[in-house]
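Hi there,

Here is the structure I promised to pass on to you. Have a look at it first, and then read on for my notes.

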Amino acid sequence: MELIALSLLVRWALGWLLACRMPVLPAAVPSGAPGVSVLIPARNEAASLPGLLAALSRQTLRPLEVIVVDDHSDDDTAALARAGAPGLAVRVIQPPPLPARWCGKTWALHHGVAASLGELLVFLDADTQPAPQFLQNLVAASQRLGGLVSVQPYHRTEQPYEQLSVLFNLVGLMAVPLGERCGVAFGPAMATSRGDYARSGGHAAVADKVVEDWFLAHRYEAAGLPVSAFIGKDTITYRMYPGGLGDLVMGFNKNFATAAAEVRWPWMLAVLLWLSGLFWAAWCLPASLLGWPLMGDPRPLPNALLYGAFALQLLVITRRVGRFSWINLVFPIPVLFFLGVFLQAIVNLGRGQVRWKGRSFSTRAGRPGLGGR
């Protein structure tokens, strides 16, 4: 029992260590007067796009241009983009029909870059909402670090079902190195110079990758260019999958199925050890109260203390990644949800295909896929 208790203490401590490695995008002022092109891929984003355009109109750094690439939407995305926002001129383009071996997002951004004029390229997903200083901070980081700089937005939850995504958000950041020259990229918010983008091969080099950010980072590193990543607490937010629980399940299923093999094993091993402690704590308290099979101390009090320790840890560390509150107190529920989506992703890996936004894409390396966030 003492060995079990010591093992659980080590796993709990791992959670704190993993959460410490999440640097926020630093505040800074760009040098000179950079010409910035903001490129927004948008497929059926009528509900989200106006919020982003309004936020861009309030930026302390005014972009040279804002281009919305309408990825053949069948809602009011294009009309809302053309309406723009007060003081913000927006250009709307639509790429040719999606060819084979391209994903929707990579095809859209490839054409957005070709139509742009700025020396600095900023890619923003339509569901992001940057704070007024975000663009200047991101551009300053891009000027200082070079290569590819990205930011993972803070998850703004509004409906109860969105709380179920807590472990996906947390594990996704715990499982990768972050900071300067970390080699990781997050697609919702990225910046690069036009020259470095061309040297990497750009989105044409990752045309068939639905999780294009991971593979674009590899292309930059292969070209000898640095790749840096930060978290967006207090600087940029997004609301993931506002279309309902089904979209949330399909979205994380897609990410599991296509990006799991890209995670570096030392980081994943540490995360798995922490998760095993979390899963243990989720089981032990109800097991001790209901007489279920249980290894270790069967008394309710020590198991209640273990449960409380992990619940407190989740309450503290998730504040950096998203608006998660009560779900941390009943963490066995998101644990079960996490396991369920993980198992479904394994099934989809076996099938070799996942659907997203009305398109299908392959989950197997080397095969063409269609789709994208």
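Let me begin with a cysteine: Cys-284 is buried, at a relative accessibility of 1%. Cys-20 is the opposite case, exposed with a relative accessible area of 63%. As for disulfides, the structure holds 0 of them. Please keep in mind throughout that this is a predicted model.

Next, the aromatic rings. Searching the whole structure turns up 9 aromatic pairs. One of them joins Trp-102 and Trp-107 in an edge-to-face arrangement, with 4.9 Å from centre to centre and 70° between the planes. Both partners are out of the solvent's way by the usual count: Trp-102 is buried, and Trp-107 is buried too.

Another pair brings together Phe-168 and Phe-338, and this one is tilted, with the centres 5.1 Å apart and the planes at 40°. What does this pair tie together? Phe-168 belongs to helix H6 (residues 166-174) and Phe-338 to helix H12 (residues 332-351), so the contact links parts that are 170 residues apart in sequence. Phe-168 is buried, its relative accessible area being 9%, and Phe-338 is buried as well, at 7%. With the cut-off for buried set at under 20%, you can see where those two values fall.

The same two phenylalanines turn up again in a cluster: ring pairs connect Phe-168 and Phe-338 with Tyr-241, Phe-252 and Phe-337. If you are colouring the model by hand, these five names are a handy selection to start from.

There is also a charge over a ring to look at. Lys-209 sits over the face of Phe-215, and the distance to the ring centre is 4.7 Å.

Finally, the empty space inside. How many cavities of 30 Å³ or more does the structure hold? There are 2. The second largest cavity contains about 30 Å³ of space. Its lining is made up of Gln-152, Pro-153, Tyr-154, Leu-173, Ile-231, Gly-232, Lys-233, Arg-320 and Val-321. By class, the lining residues of that second largest cavity split into 5 nonpolar, 2 polar and 2 charged.

That is everything I wanted to hand over. Enjoy looking around the model, and write back whenever you like.

Best wishes

Note on methods. Residues numbered from 1 in each chain as written. Predicted model: local features only at pLDDT ≥ 70, side-chain atom pairs only at ≥ 80, totals over all residues. Heavy atoms only, no water. Phe/Tyr/Trp six-rings, centres within 6.5 Å; stacked < 30°, edge-to-face > 60°. Buried < 20%, exposed > 50% of the residue type's maximum accessible area, 1.4 Å probe, protein only. Helix = DSSP H or I, 4+ residues; strand = E, 2+ residues; numbered from the N terminus. Lys NZ or Arg CZ within 6 Å of the ring centre and 35° of its normal. Disulfide = S-S within 2.5 Å. 1 Å grid on protein atoms, 1.4 Å probe; cavity = no way out; pocket = protein on both sides within 12 Å on 5 of 7 lines; lining within 4 Å. Points joined across faces, edges and corners; volume = space filled by probe spheres on them. Nonpolar A, V, L, I, M, F, W, Y, C, P; charged D, E, K, R; others polar.
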